[in-house]
Amino acid sequence: MNRIIVLLCVGCLLFSCKSKKAIVTKKGNDTERQIVIDRTDKQKEVIEEAPKVYASNTERYIDNYKEVAQNEMVLYGIPASITLAQGILESASGSGRLSVEANNHFGIKCHEWTGAKIYHDDDKKQECFRKYKDAKYSFRDHSLFLTERKRYSGLFLLKKEDYKGWAKGLKEAGYATDRKYPQKLIDLIERYNLHEYDKAVLGDSYTKYEPQVVENAFVTYTVSKGDTLYSISKRYNTTVKELQNINGLNDTALSIGQVLVVKPVSNN
C-alpha cells in the first residue's frame with residue numbers, strides 16, 4: 001500500500017513539472033540531445049523601427065536638418081526655408097566633399113577662423129574652408145555669418161515669410177556670384193514646400209504675401225506692420241527712390257493699410 005502511495009506522488013510530481021517545462025530535441029554531430037526549456041520565463045521582444053525611405057537625397061537632407069534650421073530661425077531671424085535651400089544648394093544635399101569631410105554645409109571659408117580647416121578647390125585652387133565637428137555648428141556659423149556682417153543687415157528688414165526677397169537680397173549683398181542664385185533658392189523652396197517650416201515657426205503671425213493686380217494694370221502692395229520702403233523695394237526688386245516717384249512720396253513714412261503701387265504688371 002505504501003508503495004502505491006509513493007508511486008502516485010511521483011506521478012503527480014512528474015505531471016506538474018511537465019506543465020511548466022517542455023523537452024526540445026535537437027540534432028547535432030549525429031547525436032540527439034535534450035534541452036529543458038522553462039515556459040514560465042518571459043522572452044524579451046525587440047521591436048525595430050523600420051528605416052525611413054526617401055525619394056531623393058534632398059528629401060533626406062530636409063528631414064535631417066529641418067529642425068536645426070527652424071531653431072536657427074527662432075534664435076537669429078533667418079527664414080528656415082532660406083537656410084535649408086542654401087544648405088541643399090551649397091552642399092549638394094549633403095553629398096559634397098566639404099559637407100561629407102568637414103561638416104561644412106554652406107561653403108564658409110576660413111577668413112579669421114582658428115579652428116580645424118580643410119582645403120578645397122573653389123574660385124582658386126586649395127582654398128581654406130572651415131571644418132566642424134558636427135553639421136549643426138555649420139548651421140550656427142551660417143547664422144552668425146549673416147547677422148554679424150553689415151552688408152546683410154538689409155535682409156533683416158524683410159518679413160520672415162518673404163523668402164523671395166531674402167533670396168534676391170542675398171545675391172545683391174554679394175553672398176553669391178551666380179546671377180541665377182536667387183531663382184535657384186526660390187525653386188528649391190517652392191518645389192519642396194520649405195516655406196511650411198517658416199510657417200510652423202511663425203505660427204499665427206505668418207502671412208502669405210501675394211501681389212494684387214488692379215484695373216489700372218499696376219501691381220499694388222498693402223502696407224503691413226513692420227514694413228518699410230526698403231523692405232518693399234527688396235521684395236519687388238526695385239529701389240526706394242522708384243517707389244517714392246511712382247507713389248508721389250516725399251519721405252519714407254508709411255502707414256498700415258496704405259496701398260502702394262510697386263510696378264507695372266508688364267515689368268513683374
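1. Start with Asp123, which comes out as exposed at 67% relative accessibility. The cut-off for exposed is over 50%, so Asp123 clears the bar. Keep in mind that this is a predicted model. Even out there, the side chain of Asp123 has a partner: it meets Lys109 in a salt bridge, 3.6 Å from N to O. The two come from distant parts of the chain, 14 residues apart, with Lys109 in the loop between α4 and β3 (117-120) and Asp123 in the loop between β3 and β4 (127-130).

2. That pair isn't on its own. A network of salt bridges links Lys109, Asp122, Asp123 and Glu127. As a reminder, side chains of opposite charge can pair when their charged atoms come close. If you look around this network, you will run into the hairpin, so that is next on my list.

3. β3 and β4 make up the hairpin, with six residues between them. Have a look at Gln126 in the turn: its phi is positive, about 50°. The two strands run antiparallel and pair over four bridges. Across the hairpin, Tyr119 sits opposite Cys128 in β4.

4. Cys128 has another job to check, the disulfide. Which cysteine does Cys128 join? The partner is Cys110, at an S to S distance of 1.9 Å. A search of the whole structure turns up one disulfide. Cys110 belongs to the loop between α4 and β3 while Cys128 is in strand β4, so the bond ties together parts that are 18 residues apart in sequence. The S-S torsion of Cys110 and Cys128 is about -65°, which means the disulfide is left-handed.

5. Are the two cysteines buried or exposed? Cys110 is buried, with a relative accessible area of 6%. Cys128 also counts as buried, at 19%. The limit for buried is under 20%, so Cys128 falls inside it with a value of 19%.

6. On to the other charged pairs. How many salt bridges are there by this rule? The count comes to 12. One of them is Asp63 with Lys52, at 3.1 Å from N to O. Asp63 is in helix α2 (residues 57-76) and Lys52 in the loop between β2 (31-38) and α2, so to speak a link between distant parts of the chain, 11 residues apart. Lys52 is exposed, at 55% relative accessible area.

7. Compare that with a pair inside a helix. Glu101 and Arg97 meet in a salt bridge at 3.3 Å, N to O. Both lie in helix α4, and the spacing of four residues is about one turn of the helix. Glu101 is partly exposed at 43%, and Arg97 is partly exposed too, at 35%.

8. Last, the largest pocket, with a volume of about 650 Å³. It is lined by 28 residues, and the closest to its centre are Glu90, Phe106, Gly107, Asp122 and Tyr175. You've met Asp122 already, in the salt-bridge network. Which elements give two or more residues to the lining? They are α3 (80-91), α4 (97-102) and α7 (181-191). By class, the lining of this pocket holds 10 nonpolar, nine polar and nine charged residues.

Technical notes:
Residues numbered from 1 in each chain as written. Predicted model: local features only at pLDDT ≥ 70, side-chain atom pairs only at ≥ 80, totals over all residues. Heavy atoms only, no water. 1 Å grid on protein atoms, 1.4 Å probe; cavity = no way out; pocket = protein on both sides within 12 Å on 5 of 7 lines; lining within 4 Å. Points joined across faces, edges and corners; volume = space filled by probe spheres on them. Nonpolar A, V, L, I, M, F, W, Y, C, P; charged D, E, K, R; others polar. Salt bridge = Lys/Arg side-chain N within 4 Å of Asp/Glu carboxyl O. Buried < 20%, exposed > 50% of the residue type's maximum accessible area, 1.4 Å probe, protein only. Pairing = 2+ DSSP bridges. Disulfide = S-S within 2.5 Å.
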